Amino acid sequence: MPVSENRPGVTARAPAKVNLLLQVGPLRDDGFHDLVTVFQAVSLHEDVTATPADTWGITVEGAGGTDVSGVPLDGRNLALRAARLLAERAGVEEPVHLHVRKEVPVAGGMAGGSADAAAALVACDALWQLRTGLDGLAALGADLGSDVPFGLHGRTAVGTGRGEQLVPVLTRGAFHWVFVLDDTGLSTPRVFAECDRQRGPGWTGPGADGRLEAVEAALRDGDPRALAAALSNDLADAACALAPQLTRTLDAGRAAGALGAVVSGSGPTVALLAESATAARDVAAVLAPVVGEGRLRTASGPAVGARVLEAVA
Ligand code: C5P
């Protein structure tokens, strides 16, 4: 495909996620853990604009106070890796410049990097007119990271395997969240390793314990109180061991009127579930003097998966 001069860029948007349930199985031979998780996409977004360029490149901008200083701008960047992988698999020889506008906390357990990759795949697929389709992009995305397929699909889904095998979950209505960001990032591999360490070598698995069914029933009923009671995360103890201030944040969230509080993914973001949009704003208002307004984000879920937003001139 020839490089077409002055062709407009394409912007795609992908959502952050919170894990309503994160059940972690034993360490596998490939270094991953089998998961049973329930993802919900929420209304914090990453926007990625792909524009034809002479060489591959990326710029990153923080939106709404997001600190982007920890985002790599070289070959490690997940959005850039996604664009190059799609080009390679589709036989496209047309470099792009990616501009990423980040609203999702970096290294926060909300899959911001995976959302960048999902949005980059959708933007480049549209720019190059490949029509790969959601399943094809999700298969590519799984090679980039366990959470990328969910960033493409969005809404609410049960994830198994590494988290990349998805089945949609029936949900009713919207759920309202307050996210408390932390100043420090947590490395996902470190949190999984700490979880293994805490469990010890003889640990064989969580077994069937009804947690998934409880989350599914609460979602089906659109019942935030039942969902709050069913939230659980097997990585929470490990995240709290590595970042002890999270225990205080969870307590502060409950004391501020949240129905439930859970560490998001591998942390350190804490997710607080509220009864309604108004209640979420109230929880944030109570927490603002305690944790600082800059650390709070309100959002709702489920949000849709990665999609093209607009063609920019
Ligand atoms: O797939 P992703 O790149 O997000 O994974 C980052 C790291 O998190 C993996 O290298 C692994 O250490 C850990 N991980 C895991 N089990 C999973 C997903 C991630 O152990 N299901």
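**Exercise 1.** By class, how many nonpolar, polar and charged residues does the shell around the ligand have?

*Solution.* A word on the model before we start: it's predicted, so local features need pLDDT of at least 70 and side-chain atom pairs count only at pLDDT 80 or more, while totals for chains, interfaces and linings use all residues. Numbering runs from 1 along each chain as its sequence is written, and side-chain values use heavy atoms, with hydrogens and water left out.

Step 1: list the residues around the ligand (a heavy atom within 4 Å of it): Gly-31, Phe-32, His-33, Leu-35, Gly-145, Ser-146, Arg-162, Thr-188, Pro-189 and Phe-192.

Step 2: sort them, with Ala, Val, Leu, Ile, Met, Phe, Trp, Tyr, Cys and Pro as nonpolar, Asp, Glu, Lys and Arg as charged, and the others, Gly among them, as polar. You get 4 nonpolar, 5 polar and 1 charged.

**Exercise 2.** Find the polar contacts to the ligand (pairs of N or O atoms within 3.5 Å).

*Solution.* Step 1: try the side chains. A polar atom of His-33 sits 2.6 Å from a ligand oxygen, and an N or O atom of Ser-146 is 2.6 Å from an oxygen of the ligand.

Step 2: check the backbone. Here a polar atom of Arg-162 lies 3.0 Å from a ligand nitrogen.

**Exercise 3.** Which elements and domains build the shell?

*Solution.* Step 1: take the DSSP runs (helices, H or I, at least four residues; strands, E, at least two). Strand E2 (33–52) and helix H5 (188–199) each give at least two shell residues, and H5 has the largest share, with 3.

Step 2: look at the domains, whose bounds come from an automatic or database assignment. Domain 1 (9–169) and domain 2 (175–301) each supply at least three shell residues.

Methods. Polar contact = N/O pair within 3.5 Å; in protein donor to acceptor, adjacent residues only side chain to side chain.
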